[in-house]
Amino acid sequence: MATDSEPGRRRRCCCAQDTPDVPKVLDSRGDSDGPRRGSLCDRHCAAINNVQGDLGDLGCHLHRPRVPPAMSTPPCCQQHSEEVCESCVVKTTLTAENAVEANKLSNNYKFGFKKWKSHVTARPWEDRSEIVKELYSDLNVIRGSGGSTLTCGNVLYLLLFGWWLSLLYILVAAAMFVTIMGAPYGWLCWDLARYFLWPFGKVIQKVEVPKAAVGENSALLGGPTPCRWHPRCWLGTGYWHHASTAVWLCLGYPVLALAHGLVCVAAWLLILLIPVAKLSARATSRVLLLPPERVLIRRLRMTEVPLEGEVILCCYRAANPYYYKYAVDGINVFAVNLLPVVLVTLVLGYVDSPNHLTGSAVKFTLALLSIMPLSYYIGMAIASISAQSNFAVGAVVNATFGSITELTFYITALIKGSREGNRCYAEVVKSALTGTLVGCVLFVPGLCMVIGGIRHQEQRFNSRSAGVSSALLFLSVGGVFAPTLFSKVYGKLVCGECHNVTQNPLGHYLCHNCHFDLMDNNGTLYYSHVQPLVYTVSILLPAAYLIGLFFTLKTHTHIYDIHISDCHMPGHHHSAVVHWSRWRALVILLLSTLCMSACADLATEHISPILTNSTISQYFIGVTVLAMVPELPEIVNGIQFALQNNLSLSIEIGNCIAVQVCMLQIPILVLFTIFYPTNFTLVFSDLHVYASMFSVVLMNYIFMDGKCDYFQGTVLVMVYFILLAVYFFAPSPSGC
């Protein structure tokens, strides 16, 4: 989530023919002016063509243009063997700063592995763009020309913080003057009041005041004001006068530190105003703890040479729109800001059980918000462990924890429904499963196509790898809904009430609340036919998933056409400084899973009043909120890949989740009902069946040609919203 893409170069291979397209892969290294090493044909083609373009975020991509049939064979293909030129055609070369990042990039293209956009290692500072460097720099750099300070962000600072912070400094200054002993700090607060009203284009410096030469510099000559002429030093010339310092630390500093703390927290939560948070934090930790005579505040001018001395604060902008990329120890700032929500949710949920402080609606909302950062931490932990481990360990971790977020919620909901004897929970789980399937097939790739299509006129992707996921989707949807279709054919239709719409006894009847009864004749149809079919499907679907893994990861790895190269910039050291070590990632993974279980338990605990009192259909709640909120980190990853013209990974994110829903999550729920009987049966409503099948067919139609644009993405998104409207106006399931 928090990565920056920077321009580089792209090579076109001269021996490209009219072959299937591979994904465009982007580079995270930034500008690269040094030589690159790739395959043999790559080097010859680059030498002949010398074509330069854009290199994106993941590496040296070989883009194959379509060559007209009338065009003669390029010279490089005449000079080299067909095998070499074929490797030039089909290979996509990725580069990374180190081996850990290379493993992560390779895992992104492995079927069944979690796709992760952010870096799992610390990125070299010299490879970052100037925009990103500015995000992480301290506010102590004086620039030659900062431009106009009258910006919308600076005005917003004045309205939100500046005026009352300045007023508070004036009040503290007055209090310091009243104490007499704190007069030096009173003058300091007076100067800081003017500074924090509008700190932009001003600088705070730490200056030295030598005892021996205190009167040698004159204010007329541009030097620091002599101490004996400054009002702050009327009570003494020492750096820390004990009496005034005691008064300041007891009366003035705590009030200002508390105010700056509030400003820091508020600005940090607003994200775009993180420079204000840095400003307040640095003022509290540095400026307010300095002796007054060593603090110099001045306004910068373009022609002015800065004074000799340490620059403590120098701020030009209160807001920066690029702070959505900001990361703390590899964790995106949004995930950091949502972490306190998890703590508040757990405390309120388990301490305030009788709902004295807040109601069920608030606790349910907080529990859902808590799932988003926990899903992010689980995803980053899985990516970190997989990148630092071998293939076997990575496969086990992805298979074990890849669907833990959804399964945790589904299982807790089924347990609660079984204890209360309420079948609504089972219907909500079915709606959430269907919503995840439909959303990942339509909404996730469609949204990525729309956003990526805004930047790129036409995007191409690997149609062969997408074909594997599509085949598995067809198989999984057919297997999951086979018991439902079986029950429609052989089940007995039972209706709640029927009315004769004509006077003729043999005329037409209008019936309500009709459903297929599987328990007729003591449940013979269900226990003798439907249930064995469910168990059979639950065994065959995971087996098909394993065959798909073996196909894509072992026997037909060339489908993804990925090669990890060592196209590093000159002078790079290839040692990896990981954000999370394997043990740290494992601990975070386990803790996040436990917190996820607790939040899922709270969500299911407080969803009952919402299902009972809400006028919205339970179908709609399941297919929207409960289905898509846990997938938000995956959606963000897909959007980032699409913006960098790597639509293959955006599509694979949605397809892999949909396949795992049908081939792993549903069989696990069926297996769970064997050991813990619940109301969950693998018989879905007609609406779920039609929506899922139509979505899979439409998705395969869109993805046939291996290329797309924003219009096709818009079609997918619009169809998804139409299905949501159908669910919104649909009546609630019978019995709920």
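In the predicted model, strand S4 (residues 202-206) pairs with S6 in the antiparallel sense, over five bridges. Two of the facing positions can be named. Lys 206 stands opposite Glu 310 in S6. Val 203 has Cys 314 as its bridge partner in S6.

This pair belongs to an open sheet of three strands. The order is S5-S4-S6, and the pairing is antiparallel. Strand S5 (295-299) and strand S6 (310-315) stand at the edges. Each has a single partner strand, so one side of each is left without a neighbour in the sheet. Neighbouring strands are turned by 20° against each other on average, with direction ignored. The edge position of S6 does not leave the strand open to solvent by the accessibility count: five of its six residues are buried, so S6 is largely enclosed by the rest of the structure. Helix H7 (residues 183-197) lies across S4, S5 and S6. The helix runs at about 150° to S4.

Helix H8 (residues 242-270) was examined next. It has 29 residues. From its first C-alpha to its last, H8 reaches 40 Å. That is close to the 42 Å expected at 1.5 Å a residue. The helix nevertheless bends by about 45° at Leu 249. Just after H8, Ile 271 takes a positive phi of about 65°.

The buried residues of H8 begin with Ser 244, Thr 245, Val 247 and Trp 248. Gly 252, Tyr 253 and Leu 256 follow, and then Ala 259, His 260, Val 263 and Ala 267. An α-helix has 3.6 residues a turn, so residues three or four places apart point the same way. Steps of this kind occur in the list, including those from Gly 252 to Leu 256 and from Val 263 to Ala 267. The cover over the buried residues of H8 includes helix H6 (152-179), H7 and helix H9 (274-285). H7 thus appears in two settings: it lies across the three strands of the sheet, and it helps to cover H8.

Cysteine pairing was then searched over the whole structure, and zero disulfides were found. Two cysteines illustrate the result. The sulfur of Cys 315 has its closest cysteine sulfur in Cys 314, at 7.8 Å, which is too far for a bond. The cut-off for a disulfide is 2.5 Å between the sulfur atoms. Cys 315 is buried, at 2% relative accessibility. For Cys 448, the closest cysteine sulfur lies in Cys 708. The separation is 9.8 Å, again too far for a bond. Cys 448 is also buried, at 0% relative accessibility.

Phe 729 gives a contrasting case of accessibility. This residue is found in helix H24 (residues 710-729). Phe 729 is exposed, with a relative accessible area of 68%. Its C-alpha atom is separated by 9.3 Å from that of Tyr 619. Along the chain, these two residues are 110 residues apart.

Totals for the protein complete the account. It has 24 helices and 15 strands. Of its 736 residues, 53% count as buried. Contacts were also sorted by sequence separation. Among those between residues at least 6 apart in sequence, 82% join residues at least 24 apart.

Definitions and conventions. Residues are numbered from 1 along each chain as its sequence is written. This is a predicted model: local features need pLDDT of at least 70, side-chain atom pairs count only at pLDDT 80 or more; totals for chains, interfaces and linings use all residues. Side-chain values use heavy atoms; hydrogens and water are left out. Two strands pair if DSSP finds at least two bridges between them. Helices (H or I, at least four residues) and strands (E, at least two) are DSSP runs, numbered from the N terminus. Axes are lines fitted to C-alpha atoms, for helices over the stretch in contact, and angles run from 0 to 180 degrees between N-to-C directions. Contact means heavy atoms within 4.5 Å. Buried means under 20% relative accessible area, exposed over 50%, partly exposed in between (1.4 Å probe, protein chains only). The expected span of a helix is 1.5 Å times one less than its number of residues. The bend at a residue is the angle between axes fitted to the seven residues ending there and the seven starting there.
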